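Reader: Please walk me through this model, one point at a time. Short answers are welcome.

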Amino acid sequence: MLNPERSKLLNLLDLNKDIASAKGAWLTSTCGEVYLDFTSQYGAVPFGFNPDFLQQQLIEQVNTNAAVMVQPFFSQGAKELSDLLIEIAPEGLKYVTFACTGAEVVEAAIKLAKSGTNRKKILSTLNSFHGKTMGAALATGNAYYKEEFYSDNASFLHIPYDDLEALELALSGRKIAAFIVEPVQGEGGMIEPSPGYLQGCQALCAHYNTLFVVDEIQTGLGRTGELFVSLKEGITPDILLVGKALGGGMLPISACIANEKAWSTDFGLRHSSTFANNHLAAHMGIGTIKALREQHEILENVNNMGHYLREQLEKLVARYPEVYTGCSGRGLMQGLMLSPWRDPQSYVPCCVYEFGYAVAIVSSYLLNQNHILTVPTLNANNVLRIQPNYFVEQGMIDRFIEALNEVAEIIKQGQFVRLLRNAIGLTAPMPNQDLPPLRLPRQAPPEPTQDEPYRGRFAFFIHPTTEEEGVDGLCAEISQFSPEERERARTWMNECSSLSPIAVPAYHIPCFASDDGGYIDGWLIASFLSPRDMMRLNKAEKTKLLTGYIEQAKALGVDRIGLGAFTSVISRSGTLVADSGVDVTTGNSYTALTSTDAVRQIVHHSGRSLSTMQLGVVGALGSVGRLCLLDLAGECASINLIGNARNKDRLSTLKSLAGEMLLSLVNADKPNAIPILMRL
Ligand SMILES: Cc1ncc(COP(=O)(O)O)c(C=O)c1O
């Protein structure tokens, strides 16, 4: 079976299609549906699917009985491609090592740097992406791709992107073998650095004798409208990395190209890979480079269409600033950033945004409703990646922009149900839109007035208490779902919660006014897990969920946390999170303290004093009774703790509770408050 987790994820978002054939910008499914591609397999398909000229070259090579895999010899293709790469690469690069994937040549660069410099540390940037094998994942500036697999490795350091000061600080210790950087952060969300950044990096690397490695695996060979960004920026890396487009979208091939300074004989003698130097793959590289060099209209089209696409995206952002936060990128690697989803009628859209599914849900809508293929960037799951092939036409971009307009209208009007129904795979027409909101506040909560003093922020942890309740909260229109649709929605939410058993900020309440003046604000932090789901979690998973809740609360700057529903149970009444650095309260504590407060008020209004009265606590062994006792004990004349005398165990537990109470009064330095009489 192919990776079931990926299938689950694709199914969850109704993004799973069986593609039977592909040509140019078009994909055809086994059901005969045709999709317009705006993804180019993460930028690895430069000329569209199965371009005629590369198909022909491939067939020609196969027909010559060429020596495709003849290691230890170099294939003719590998020799020719290495010459060609050196010809087109920035000055000084002259040693080529081929591999199949991008990550492999990142590994090669790391090995080269370590062996040639006798330094052990590798520096890269936060939010970068360099691949998923060990060294490449450790260089990648995104914990998600390494934390479960490779423990933190002190040899790999990260600094903010586009920050020359941070770079100088890191290099100045002269311990860094190589600095690896993307000229435009692709998976990070299509982020361009400031003008002059790359030149600054080169100068600093040269000054501190660190190898300057430029990862053009995604930007290289035309994607930005140039053969290499390095050429455009006038930089000469010590090592240049190329992948993706090098295979022309036909076969996997990548290259690590080093200059004299970076090359090492140890590496040359000890590094190899069985499938490197494949003649056919190399020929796809030769065909790709020749096409890009000889047919100027290709890069011209990338530049023209890149500008046109960018212009249209900027207009879209200007038209729908509440839906699209911005766009960025270069040439035909562009990103469109989605604003956070807020639905006053349901916490679900906010949660799915925070789970990182919003762009994927939009992609699913574009795929199923508009027949256009897009995906999110890997590090920035709020960025829609837009990477059509180099022959993209204006009409295709117009069609794409029209689809994005449609999505913007849906989001602007708060019709998240349309996006959710599409992701759930519900194809029937939309239910009537005119229903009143079902669950969350019927009116927007009041905004604070300026002159009220602000008294702090709370977080309350929530989750559905049953699966049914979870489905009820999906959207205001849920009552119009048919029983079958409701069942599908339930399954969808279950899958969502099993794939993302985490807690995320779901709802902000801007103002709770106090009778005493002032106001607080607060966040509901939610997971989709029901108590039954939580009971199924193992200890580590429960801890992860609780830590997630707490971390989210801290990141939001809260100073008091309320444990709602089952979060109190899985945290053993809050004891497991007691030392989180933030005040934590449970529903039981709240019940106990409001009860004791009520007792005080009643006594006060009746003109009596607790200090002359006898306190009786029924159910003192329950957590509410115990808290009531501890809170009131020091104020009463005598105490009766009432338990079942027939149960000997209970009696001895009552005794220890009495001891706990005495101790708490002594510790609180209130020995005089110890009640005169205590009966069990
Ligand atoms: C800049 C960059 N480096 C390295 C890689 C890893 O390439 P591969 O997936 O072929 O291993 C990628 C892939 O997205 C990339 O964008």
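**Sheets, ligand and backbone**

Author: Strands β14 and β15 (residues 383–386) run antiparallel and are joined by two bridges. Strands here are DSSP runs of E of at least two residues, helices are runs of H or I of at least four, and both are numbered from the N terminus. Two strands pair if DSSP finds at least two bridges between them. This is a predicted model, in which local features need pLDDT of at least 70 and side-chain atom pairs count only at pLDDT 80 or more, while totals for chains, interfaces and linings use all residues. Residues are numbered from 1 along each chain as its sequence is written, and side-chain values use heavy atoms, with hydrogens and water left out.

Reader: Which residue of β15 stands opposite Pro-376?

Author: β14 covers 375–376, and β15 covers residues 383–386. Opposite Pro-376, in β15, stands Leu-384.

Reader: Which strands stand at the edges of that sheet, and why is one side of each left without a neighbour?

Author: The sheet is open, has antiparallel pairing and runs in the order β11-β12-β15-β14. Each edge strand has a single partner strand, so one side is left without a neighbour in the sheet. The edge strands are β11 (324–330) and β14.

Reader: What is the strand order in the sheet with mixed pairing?

Author: β1 and β2 pair in the antiparallel sense over four bridges. Strand β2 (residues 26–29) is antiparallel to β3 (residues 34–37), with three bridges. β3 and β13 (residues 372–373) pair in the parallel sense over two bridges. The sheet is open, and its order is β1-β2-β3-β13.

Reader: Which residues stand opposite Leu-27?

Author: Leu-27 faces a residue in β3, Tyr-35. Leu-27 of β2 also stands opposite Ala-22. The two names are Tyr-35 and Ala-22.

Reader: Which residue in the hairpin of β2 and β3 takes a positive phi?

Author: Four residues lie between the two strands. One of them has phi near 90°: Gly-32.

Reader: Which side chains place an N or O atom 2.7 Å from the ligand?

Author: Polar contacts are pairs of N or O atoms within 3.5 Å; within protein, one must be able to donate a hydrogen and the other to accept it, and residues adjacent in sequence count only if both atoms are side-chain atoms. A ligand nitrogen has its 2.7 Å partner in the side chain of Asp-215. A ligand oxygen has a 2.7 Å partner in the side chain of Lys-244. The names are Asp-215 and Lys-244.

Reader: Which residue offers a polar backbone atom to a ligand nitrogen, at 3.4 Å?

Author: The residues around the ligand (a heavy atom within 4 Å) include Gly-131, Glu-182 and Phe-129. The backbone atom at 3.4 Å belongs to Phe-129.

Reader: Where is the cis peptide bond?

Author: Its omega is near 15°. The proline lies in the loop between α3 (52–63) and α4 (76–88). The bond runs from Gln-71 to Pro-72.

Reader: Which residue has a positive phi although it is not a glycine?

Author: The residue lies in the loop between α5 (102–117) and β5 (121–125). Its phi is about 60°. The residue is Asn-118.

Reader: Over which residues does pLDDT stay under 50?

Author: pLDDT is the predictor's confidence in each residue, from 0 to 100. The protein has a mean of 92, and 95% of its residues reach 70 or more. The stretch under 50 is residues 435–440.

Definitions and conventions. Contact = heavy atoms within 4.5 Å.
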